[in-house]
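You asked for a reading of this structure that a newcomer could follow point by point. Please keep the sequence and the coordinates open while going through the note.

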Amino acid sequence: MTPPPPRTRLKLGPLRAVTTLRALILLTLAGLILWTALSWGRRGAPQADITMSPAEPAPEGPVLDQSDKFSASGTREGRPAFDLAAQTVTGFEGDKKRLESVNLTVHEVEGGSVQVTSQEGQFDPGARRAQLSKDVAIRTPDGLSLETGNLFYDSDRDMIYTGDPLRFELGQVRGTGQGMNYLVDERRIKIASKVDLTIAVNDGGPPARIRAGSLVASLADNSAVFTENAVLERGADRLTGNYLRLVLDEKREQVREIRSFGDVVVTLGPDAEGKSSEMRADSLVLAVGPDNALKTAEASGGCRVVSGPYTTNSRTAFFDRTADRLQLRGDPVVLTDTDRVTAQEIDLRPAKQTLEARGDVRSVSMRQSSNVPGFAAVGAVSFQAARLLAEQTEKRATYDGGARAWQEGQSLQADTIIVDQGAQQIRAAGNVMSRFTEKPSPRDPAGRPVATSVTARRLTVDDASGKARYEEDARLVRPDATLTGSTITLETRATGKRRELQRVLANGSVSARHAGAFATASAAEYLPDRQTLELTDENGLAEVVDSATGRSMKGRSLTYDLAGDRVLTEAAAGARTWITMTPQGGTKPVEPPPSRH
């Protein structure tokens with residue numbers, strides 16, 4: 001008869017839905033180092049597009065001259081553009097030069113220069129274009145080194161490009177790719193295919209790695225874009241997407257934003273408990289603060305997070321580190337190995353380890369077992385409310401606003417229901433009403449179950465003692481009887497699929513009605529198995545009145561046999577005798593029920 005409390009086994013834990021962002025934070029250093037590696041070149045007006053178009057060398061004509069030394073230079077808008085030197089040169093008809101031991105210097109707008117060397121090369125003074133081949137090496141002022149088989153420099157277009165495989169290195173970054181365009185005026189570099197970067201990280205952990213079909217880095221807007229199945233990973237942590245964009249600050253020293261679009265998947269390796277985590281979405285945007293810490297994270301489109309026993313589904317998810325809040329919007333669902341929670345809005349607070357749900361909150365057990373105080377151990381438990389606050393640290397869940405919980409014929413509703421797993425209690429306040437079904441009475445030949453409801457202003461259910469205490473205007477109603485008092489306490493016993501009612505205690509201005517009888521006392525005890533109601537009053541004012549005949553019985557202790565419709569009273573000499581409430585005119589003796597007296 002204990003009222004069913006709402007479920008509280010949410011097991012919020014550390015709420016690792018948020019920790020799926022850890023892989024991205026650990027790898028922001030990759031974008032920082034990569035940007036430095038690609039930041040050499042001049043500034044100028046941007047062009048509309050980057051193309052890969054390796055130049056074909058002009059046909060060689062007859063040899064016109066040879067010499068041991070060669071040098072050439074060019075300018076643009078009154079400033080130096082390039083200097084070219086070689087140890088030997090062979091001139092051909094058409095003003096084309098074949099070079100050996102080549103040194104090419106490309107001047108930057110800000111005064112720096114890029115040094116390019118190769119074993120061989122060709123130079124066309126008329127077209128102001130050079131081709132370098134065999135062991136081509138590039139060195140930049142910031143320490144970048146790059147090696148490839150062939151390299152072209154076009155002074156008029158201010159572009160360096162190659163279609164060959166290349167290797168590059170800068171500090172802790174090493175990478176390879178296939179084909180490169182660098183537009184000096186546009187301040188943009190593109191690696192056309194097979195991009196593969198490895199970044200050593202100074203924290204004792206494994207290196208980070210970025211792989212993609214192509215890479216475009218722009219100095220103009222401080223960004224680097226990886227496309228065509230970009231993969232960013234470190235150890236067992238991994239991010240994949242069709243598009244990955246890193247944005248750095250003006251000094252290009254720190255990552256400020258990471259964007260990924262198209263089938264984004266973030267996977268975290270096993271934690272200390274051996275559990276992995278995964279996040280999926282159509283897009284993901286991360287904002288990073290000056291301290292390299294995550295500020296905000298926003299995922300949208302089919303958001304799904306799986307972390308250990310927890311799974312969340314929503315259309316969007318937004319994390320604000322300052323507010324310590326992960327907002328799930330768009331039909332959000334939180335699943336655990338035991339529960340399913342839905343609402344119009346769900347907020348998770350990782351630091352506080354709380355869950356807040358608002359608007360048509362509903363929950364249902366995911367298995368046919370229960371560990372909820374006051375409920376049977378077998379059978380799913382469901383509840384609903386306008387709002388829910390689940391606090392992991394306190395092991396407490398508060399349902400507010402038309403709260404209701406039920407399990408196989410048992411239900412509880414109130415303005416507010418608090419489930420306290422730490423104390424193994426349920427507390428309800430405001431318009432409390434519980435309904436439950438008792439097992440059939442052994443005296444009922446039809447074997448019909450008995451439906452009972454209890455109302456009060458407050459309720460406390462203690463699972464350890466098996467007691468449910470209703471306070472303030474408590475009222476118990478059965479099909480054939482009612483019982484009221486200042487407090488009513490129900491004692492129950494767990495019996496597998498249900499909790500069976502053992503005893504009902506009422507105190508304070510007790511009144512009861514059964515069939516055609518009315519009873520009053522200062523206290524009362526109801527025993528369902530015996531179908532007896534014992535009324536007590538220290539002042540001898542316990543009373544049972546038969547409304548049909550007006551017959552009245554009083555005393556300090558009266559035992560009312562509800563099934564037999566009779567009362568056990570004390571005679572003047574202290575003896576006890578049964579009195580039938582409404583005699584039917586027969587002389588057949590009535591067998592008294594079992595009694596403790």
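The numbered points below go from the whole chain to selected strands, salt bridges and single residues.

1. The first thing to bear in mind is that this is a predicted model. The protein chain contains 2 helices and 38 strands, and of its 597 residues 51% are buried. When contacts in the protein chain between residues at least 6 apart in sequence are considered, 45% of them join residues at least 24 apart.

2. As for the surface, the protein chain exposes about 26500 Å², and carbon and sulfur atoms supply 48% of that area.

3. In the interior, the largest nonpolar core has 123 residues, and the residues with the most contacts inside this core are Leu 84, Phe 226, Tyr 470, Leu 490, Leu 535 and Val 544. Leu 84 can serve as an example: when its neighbours within four places in sequence are left aside, Leu 84 is in contact with Phe 70, Ser 71, Ala 72, Leu 99, Val 102, Asn 103, Leu 104 and Phe 123.

4. A useful region for following the strands begins with β18, residues 310–320, and β19, residues 325–329, which pair in the antiparallel sense over 5 bridges. Within this pairing, Phe 318 stands opposite Gln 327 in β19. The hairpin of β18 and β19 has 4 residues between the strands, and in this hairpin Asp 324 takes a positive phi near 50°.

5. Strand β19 also pairs with β22, again in the antiparallel sense, and this pairing runs over 4 bridges. Here the bridge partner of Gln 327 is Asp 347 in β22, so the reader who has located Gln 327 opposite Phe 318 can go on from there to β22.

6. Turning to charged side chains, how many salt bridges does a search of the whole structure find? The search finds 33. One network of salt bridges links Arg 325, Arg 329, Glu 345, Asp 347, Arg 349, Glu 356 and Arg 358, and Asp 347 is the residue already met as the bridge partner of Gln 327.

7. Within that network, Glu 345 and Arg 358 form a salt bridge in which the closest N and O atoms are 3.0 Å apart. Because Glu 345 lies in strand β22, residues 345–349, and Arg 358 in strand β23, residues 354–365, the pair ties together parts that are 13 residues apart in sequence. Are these two side chains' residues buried, partly exposed or exposed? Glu 345 counts as partly exposed at 31% relative accessibility, and Arg 358 is also partly exposed, with a relative accessible area of 26%.

8. Another salt bridge joins Arg 211 to Glu 233, with 2.7 Å between the closest N and O atoms. This pair links distant parts of the chain, since Arg 211 is in strand β11, residues 208–212, whereas Glu 233 is in strand β13, residues 223–234, 22 residues apart. The two ends fall on either side of the 20% limit for burial: Arg 211, at 27% relative accessibility, is partly exposed, whereas Glu 233, with a relative accessible area of 15%, is buried.

9. Arg 457 and Glu 472 provide a further example, their side chains meeting in a salt bridge at 3.5 Å from N to O. Arg 457 belongs to strand β28, residues 450–462, and Glu 472 to strand β29, residues 467–478, so that the pair links distant parts of the chain, 15 residues apart. Both residues are partly exposed, with a relative accessible area of 48% for Arg 457 and a relative accessibility of 30% for Glu 472.

10. Arg 478 is likewise placed in strand β29, but this arginine is buried, with a relative accessible area of 9%. Its side chain makes a polar contact with the side chain of Tyr 526 at 3.3 Å. Leaving aside neighbours within four places in sequence, Arg 478 is in contact with Glu 438, Val 450, Ala 451, Thr 452, Tyr 526 and Gln 531.

11. A last residue to locate is Val 255, which lies in strand β15, residues 255–268, and is buried, with a relative accessible area of 2%. Val 255 and Asn 222 are 33 residues apart in sequence, and from C-alpha to C-alpha they are 9.5 Å apart in space.

Conventions
Residues are numbered from 1 along each chain as its sequence is written. This is a predicted model: local features need pLDDT of at least 70, side-chain atom pairs count only at pLDDT 80 or more; totals for chains, interfaces and linings use all residues. Side-chain values use heavy atoms; hydrogens and water are left out. A salt bridge is a side-chain nitrogen of Lys or Arg within 4 Å of a carboxyl oxygen of Asp or Glu. Buried means under 20% relative accessible area, exposed over 50%, partly exposed in between (1.4 Å probe, protein chains only). Contact means heavy atoms within 4.5 Å. Accessible areas come from the Shrake-Rupley method with a 1.4 Å probe; for residues, only the protein chains shown count as cover. A nonpolar core is a set of buried Ala, Val, Leu, Ile, Met, Phe, Trp, Tyr and Cys residues joined through side-chain atoms within 4.5 Å. A polar contact is a pair of N or O atoms within 3.5 Å; within protein, one must be able to donate a hydrogen and the other to accept it, and residues adjacent in sequence count only if both atoms are side-chain atoms. Two strands pair if DSSP finds at least two bridges between them.
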